[in-house]
Amino acid sequence: MLKTKSERKLAKQICKVVLDHFEKQYSKELGDAWNTIRDILITPSCWQYAVLLNRFNYSFELEKDLRLKGYHTLLQGSLPYYPKSMKCYLSRTPDRMPSERHQIGNLKKYYLLNAASLLPVLALELRDGEKVLDLCAAPGGKSIALLQCAYPGYLHCNEHDSLRLRWLRQTLESFIPQPLVNVIKVSELDGREMGDAQPEMFDKVLVDAPCSNDRNWLFSSDSQKAAWRISQRSNLPVLQIELLRSAIKALRPGGLLVYSTCTLSKAENQDVISEILNSYSNIMPVDIKEMARTCSQDFTFAPTGQECGLLVIPDKGKAWGPMYVAKLKKSWTT
Ligand code: SAM
């Protein structure tokens, strides 16, 4: 019998090299909170999966079914920006809906995701008609979520890795009707070149950056590869900063930029954003503490020391994250 993804993970070993490395770094950076986070990250049986409904193939029956199963909607209406068209259901227990199969010509009804992935999407406050860039887009979860929020005038999804680009195209085909897919531009650029290729083109830019991906790295099956990744880890902030510099170039004055990662690492989160804020006089932090206050029923946050940065940490019954989100604005003056 085919095993689900989480059952396969359950059967997998925790990668000791990665766990030891995280243990040292995160107990220093997060104190006692790390013990709970670690226990959740290494126990896939307690992971939770949110269900993002696809507005392009809406099913009343599915919504009813989720409610009957005890799912509730994510902070609908309680945030200043929360489009009614975006419906995401969460369960407090580690239930996992089966994944739908990709079938040519049939749109999927829902997308399973880590609910914290919606925070960077909501932070962008996308409105109809805006030009938006998803700089590191594969496999496409956030692109799909962006399209649940509004109808952008232009959506550019970029991904540098050609295999993952195919995955991104398949995600878009599975969730988005063809007429809309036709107005989405998909490209395979190194994101660091985008700013020069399309300067001041976009109202909104999302940089969901390549990062340590703590949840995945803990289950690396090849410990040699894992050790190599750990040894190269300190190079990631350089790439992240370069991607942000390019994103800033691609953003029009007055536009919004959201940076996100799925790691707890301060070096890839707060330090990257501090470096950007210190080196640009026209990039301003946007306060998103209100978002954390409004979402505290569903998410647990760790202090970041920044008004523009949030860090969602996995907690009991709220096993979402890790997810760091920072919100910046490009001012009109240079
Ligand atoms: N936003 C995606 C989603 O929600 O499904 C996840 C993005 S993942 C965290 C980061 C992506 O950045 C990876 O697919 C990786 O291949 C891509 N990437 C790595 N280096 C890149 C670069 N220089 N330019 C653009 N994309 C890059």
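## A covered helix

Let's start with helix H6, where Gly141, Lys142, Ser143, Ile144, Ala145, Leu146, Leu147, Gln148 and Cys149 are buried. This helix runs over residues 141-149 and is mostly covered, with nine of its nine residues counted as buried. Keep in mind as you look around that this is a predicted model.

## Around the ligand

The start of that helix turns up again at the ligand: Gly141 is one of the residues that come nearest, along with Glu159, Arg164, Gly191 and Asp208. In total, 19 residues surround the ligand. Sorted by class, this shell holds eight nonpolar, five polar and six charged residues.

Which atoms of the ligand sit by polar backbone atoms of the protein? An oxygen atom of the ligand is 2.9 Å from a polar backbone atom of glycine 141. A ligand oxygen also lies 3.3 Å from a polar backbone atom of proline 139. With aspartate 190 the side chain takes part: one of its N or O atoms is 2.9 Å from a nitrogen atom of the ligand. As for cover, the ligand on its own has 600 Å² of accessible area, and the protein covers 86% of that.

## Salt bridges across the chain

How many salt bridges does the model have? The count comes to 19. Take glutamate 125 and lysine 327, whose side chains meet at 2.6 Å, N to O. This pair links distant parts of the chain, 202 residues apart: glutamate 125 is in the loop between helix H5 (118-123) and strand E5 (131-134), while lysine 327 is in strand E13 (residues 323-330). Is each partner buried or partly exposed? Glutamate 125 has a relative accessible area of 24%, so it counts as partly exposed. Lysine 327 is at 6%, so it counts as buried, the cut-off being under 20%.

The loop between H5 and E5 has another pairing to show. Lysine 204 forms a salt bridge with glutamate 130, and their closest N and O atoms are 2.9 Å apart. Lysine 204 lies in strand E8 (residues 202-208) and glutamate 130 in that loop, so the bridge ties together parts that are 74 residues apart in sequence. Here both lysine 204 and glutamate 130 are buried.

## More from strand E8, and a network

Strand E8 also supplies aspartate 203, which makes a salt bridge with arginine 252; the closest N and O atoms are 2.6 Å apart. Because arginine 252 belongs to strand E9 (residues 251-261) and aspartate 203 to E8, this pair ties together parts that are 49 residues apart in sequence. Arginine 252 is partly exposed, at 27% relative accessibility, whereas aspartate 203 is buried, at 14%.

Elsewhere, salt bridges link Glu23, Arg38 and Asp39 in a network.

## A four-stranded sheet

Now for a sheet. Four strands form an open sheet with antiparallel pairing, in the order E2-E3-E1-E4. Why is one side of E2 and of E4 left without a neighbour? Strand E2 (72-73) and strand E4 (110-113) stand at the edges and have a single partner strand each, so one side of each has no neighbour in the sheet.

For a closer look at one edge, follow E2 to strand E3 (residues 88-90): the two pair in the antiparallel sense over two bridges. Across this pairing, histidine 72 stands opposite leucine 90 in E3.

Terms used:
Residues are numbered from 1 along each chain as its sequence is written. This is a predicted model: local features need pLDDT of at least 70, side-chain atom pairs count only at pLDDT 80 or more; totals for chains, interfaces and linings use all residues. Side-chain values use heavy atoms; hydrogens and water are left out. A salt bridge is a side-chain nitrogen of Lys or Arg within 4 Å of a carboxyl oxygen of Asp or Glu. Buried means under 20% relative accessible area, exposed over 50%, partly exposed in between (1.4 Å probe, protein chains only). A residue is near a molecule or strand if one of its heavy atoms lies within 4 Å of it. A polar contact is a pair of N or O atoms within 3.5 Å; within protein, one must be able to donate a hydrogen and the other to accept it, and residues adjacent in sequence count only if both atoms are side-chain atoms. Accessible areas come from the Shrake-Rupley method with a 1.4 Å probe; for residues, only the protein chains shown count as cover. Ala, Val, Leu, Ile, Met, Phe, Trp, Tyr, Cys and Pro count as nonpolar, Asp, Glu, Lys and Arg as charged, and the others, Gly among them, as polar. Two strands pair if DSSP finds at least two bridges between them.
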